[in-house]
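User: I have a structure open and would like to go through it piece by piece. Can we start with the strands?

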Amino acid sequence: MIENQSSAGHLLHLIRSGEATTRGELQRVTGLSRSTVGNRLDRLFRAGWIREGTTVPVGGGGGRPAGRLEFDGTHAVVLAVDLETRYGRAAALDLRGRVLAEHTGPLNVEDGPETVIDRLARWFPSLLERAGAVPGDVCGIGLSVPGPVEWESGQVVQPPIMPGWDRHPIPERTRRAYAEHVLGDAGAEDRAPVVLVDNDANLMAYAEQRAHYPDCGAFLLVKVSTGIGAGLVVGGEVYRGIDGGAGDIGHIRLHDRPDALCMCGSYGCLAAVASGRALAAQLGAAGVAAGTGAGVRDLLAAGRPEVVRLAREAGRRVGEVLVTVVTVLNPGVLMIAGDLAGTPFVTGVRELLYQRAMPRSTAHLTVVTSRLGDRAGLIGAGAMVVEHLYAPGRADARLAAMGL
């Protein structure tokens with residue numbers, strides 16, 4: 001489908017991106033007449049999607065200042081969910097990613113999608129109330145999940161640490177749960193908002209790159225928690241591969257650990273050796289109770305020497321794999337995130353990476369840790385929904401459905 005480069009949705013894109021934020025700039029960029037631009041903007045104003053911002057000077061002749069146009073991030077809210085293996089986070093966000101209300105609670109992903117999604121949806125009414133919003137304000141729901149996601153269907157595909165979730169219709173189930181717990185009518189699924197699902201590392205990478213490294217054309221985030229996964233943002237867009245499998249580096253095999261059984265059923269996977277779950281198991285065998293990746297994180301924060309040693313060695317094992325990944329992708333930023341993303345682990349990654357990679361591959365590489373912290377998945381899930389709904393073609397379709 002050829003996108004209409006002069007539609008209201010396209011003008012909205014120009015305003016949101018900052019490429020053109022006054023009526024005059026929109027005329028120059030699109031070549032449209034003043035009256036046509038005015039008509040297109042009128043549709044956006046009536047939808048409540050844009051507003052008049054501050055005035056800006058025009059040229060150097062001291063003429064009348066032009067009104068700056070800006071996207072109104074307060075006209076709707078997004079419900080975002082970040083699902084981990086043992087707990088979940090949910091939040092109501094405005095369209096600029098500001099968290100209006102948030103809730104974290106225990107969840108066990110192994111309980112399966114029916115139970116977990118129903119429990120998540122029960123959190124939504126309280127979140128909306130605390131955010132000062134009503135169901136009609138919700139334009140979409142975004143879910144971040146710890147497994148590979150087929151983007152078009154929103155289904156997880158063969159997720160090693162999400163038993164029972166393979167090919168489950170997550171969007172449809174979420175809409176049904178929303179209808180039941182928010183709208184009070186399980187049969188009102190058709191009135192529930194759009195639901196989008198993506199892998200957690202993808203959404204964390206998307207949020208971090210947009211917020212703190214917008215000029216980085218190739219951004220790589222590696223999340224090391226219960227499992228190990230990577231998210232890649234290229235040219236401002238998440239790179240998912242052909243079916244959502246990009247970044248699944250936790251299942252790259254290590255040649256010298258054929259004894260390490262992974263949750264995927266294979267032996268020698270990186271995740272079976274260097275993930276939070278793997279370190280917790282190693283500590284447990286040595287008589288140190290950690291339980292989970294979060295438990296390892298707590299022991300690291302306490303400075304336990306044996307845990308520091310294991311984390312650094314785990315970083316070195318991940319660094320072995322990242323030598324190849326960085327050489328192939330040539331990112332400008334490598335961000336380490338998740339439960340193990342502390343100094344010992346990052347030190348181990350750096351040691352192997354700079355020791356074994358060609359200098360050309362790392363000459364312009366910056367290795368950092370997460371800046372958005374525990375909220376990265378939520379913010380990324382919200383941004384995914386907003387970018388989907390307000391893309392030019394979809395924005396035009398929504399305006400037409402509203403009769404504008």
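**Strands, a helix residue and a pocket**

Analyst: Val78 stands opposite Gly140 in β6. Bear in mind that this is a predicted model.

User: In what sense do β3 and β6 pair, and over how many bridges?

Analyst: They pair in the parallel sense, over 6 bridges.

User: And which residue of β4 does Val78 stand opposite?

Analyst: Leu93. Here the strands are β3, residues 77–83, and β4, residues 87–94, and their pairing is antiparallel, over 7 bridges.

User: What is the order of the strands in the open sheet?

Analyst: The order is β5-β4-β3-β6-β9, so 5 strands with mixed pairing.

User: Which strands stand at the edges?

Analyst: β5 (99–106) and β9 (194–199) do. Each has a single partner strand, so one side of each is left without a neighbour in the sheet. From one strand to the next, the twist averages 15°.

User: What is the partner of Ile141 in β9?

Analyst: The bridge partner of Ile141 there is Val195. β6 and β9 pair in the parallel sense over 6 bridges.

User: Is β6 enclosed or open to the outside?

Analyst: Largely enclosed by the rest of the structure, because 8 of the 8 residues of β6 are buried.

User: Which helix packs on the sheet and touches β3?

Analyst: Helix α5, residues 170–181, which also touches β6 and β9. The direction of α5 makes about 135° with that of β9. Helix α6 lies across β6 and β9, and runs at about 95° to β9.

User: Switching to Asn202: where is that residue, and is it buried or exposed?

Analyst: Asn202 is in helix α6, which covers residues 200–212. The residue is buried because its relative accessible area is 2%, and the cut-off for buried is under 20%.

User: What does the side chain of Asn202 make a polar contact with?

Analyst: With the side chain of Asp198, at 3.1 Å. Leaving aside neighbours within four places in sequence, Asn202 is in contact with several residues, including Leu232, Val238 and Tyr239.

User: New topic, the largest pocket. What is its volume, and how many residues line it?

Analyst: The volume is about 1,200 Å³, and 38 residues line the pocket. Among those nearest its centre are Arg16, Tyr206 and Glu387.

User: Which element gives the largest share of that lining?

Analyst: α13, with 7 residues. Other elements that each supply at least two residues include α1 (8–17), β2 (66–71) and α6.

Technical notes: Residues numbered from 1 in each chain as written. Predicted model: local features only at pLDDT ≥ 70, side-chain atom pairs only at ≥ 80, totals over all residues. Heavy atoms only, no water. Helix = DSSP H or I, 4+ residues; strand = E, 2+ residues; numbered from the N terminus. Buried < 20%, exposed > 50% of the residue type's maximum accessible area, 1.4 Å probe, protein only. Polar contact = N/O pair within 3.5 Å; in protein donor to acceptor, adjacent residues only side chain to side chain. Contact = heavy atoms within 4.5 Å. Pairing = 2+ DSSP bridges. Axes fitted to C-alpha atoms, helices over the stretch in contact; angles between N-to-C directions. 1 Å grid on protein atoms, 1.4 Å probe; cavity = no way out; pocket = protein on both sides within 12 Å on 5 of 7 lines; lining within 4 Å. Points joined across faces, edges and corners; volume = space filled by probe spheres on them.
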